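Colleague: Got a minute to walk me through this one? I'd like to hear how you read it.

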Amino acid sequence: MHTLNPMALSSLLQQTIEEAVARTRVPGTRIVTAVRELSRLFTKERASIDQRYLDDPEYAAGYLSYFLPVNVAKVQVLLNEMCPPEGDGPISVLDLGSGQ
């Protein structure tokens, strides 16, 4: 399995993801296939995605191994660029292009 970039994720998050993937007991070759299939579903066949796709151990392992770390890194970059909120009030974030 590909080692996650420690610069993008905290060591605790990286370890937690790797442990969750290990618990799925999905072999690495099946994880690669699941990532490829999820990528196709996310980009070309969104309408055919079963809302419970993460109930499938192979899809769950693929999502945890690839998409979760990538998405966490993307969100972290954006959060790092945000200006600190003024005062103690709540902040609002508008998420465009987040899917369905």
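Modeller: Sure, let's start with a pair of helices: H2 and H3 sit roughly perpendicular to each other. Bear in mind that this is a predicted model.

Colleague: What is the angle behind "roughly perpendicular" for H2 and H3?

Modeller: H2 covers residues 28-43 and H3 covers residues 57-81. Their axes run 8 Å apart. Angles from 65 to 115 degrees count as roughly perpendicular, and the packing angle here is about 85°.

Colleague: And how many nonpolar, polar and charged residues does the contact of H2 with H3 have?

Modeller: On the H2 side, the residues include Ile 31, Val 35, Leu 38 and Phe 42. They meet H3 residues, among them Tyr 59, Ala 61, Tyr 63 and Phe 67. Sorted by class, that contact has 11 nonpolar, 3 polar and 3 charged residues.

Colleague: Zooming out, what pattern does the protein chain follow along the sequence?

Modeller: The chain has 3 helices and 0 strands. Read along the sequence, that gives α-α-α.

Colleague: How much of the protein chain counts as buried?

Modeller: The accessible surface comes to about 7800 Å², with 56% of that belonging to carbon and sulfur atoms. Buried needs under 20% relative accessible area. Of the 100 residues in the chain, the share that counts as buried is 24%.

Colleague: Which element of the protein chain has the highest mean pLDDT?

Modeller: For the whole chain the mean pLDDT is 84, and 88% of residues reach 70 or more. Over residues 1-6 the pLDDT is below 50, though that stretch still has 10 contacts in the model beyond near neighbours in sequence. Among the elements, H3 has the lowest mean at 88, and the highest, 94, belongs to H2.

Colleague: Now the loops. Is Arg 25 buried or exposed?

Modeller: Arg 25 lies in the loop between H1 (11-24) and H2. Its phi is near 60°, a positive value in a residue other than glycine. Exposed takes over 50% relative accessible area, and Arg 25 has 76%, so it counts as exposed.

Colleague: And what separates the C-alpha atoms of Asp 56 and Ala 34?

Modeller: Asp 56 has its place in the loop between H2 and H3, and at 33% relative accessibility it counts as partly exposed. Ala 34 is one of the H2 residues that meet H3. Asp 56 and Ala 34 are 22 residues apart along the chain, and their C-alpha atoms are separated by 9.8 Å.

Technical notes:
Residues numbered from 1 in each chain as written. Predicted model: local features only at pLDDT ≥ 70, side-chain atom pairs only at ≥ 80, totals over all residues. Heavy atoms only, no water. Helix = DSSP H or I, 4+ residues; strand = E, 2+ residues; numbered from the N terminus. Buried < 20%, exposed > 50% of the residue type's maximum accessible area, 1.4 Å probe, protein only. Areas by Shrake-Rupley, 256 points an atom, 1.4 Å probe, with all protein chains shown as cover. Axes fitted to C-alpha atoms, helices over the stretch in contact; angles between N-to-C directions. Parallel < 35°, antiparallel > 145°, perpendicular 65-115°, else oblique. Contact = heavy atoms within 4.5 Å. Nonpolar A, V, L, I, M, F, W, Y, C, P; charged D, E, K, R; others polar. pLDDT = per-residue confidence, 0-100.
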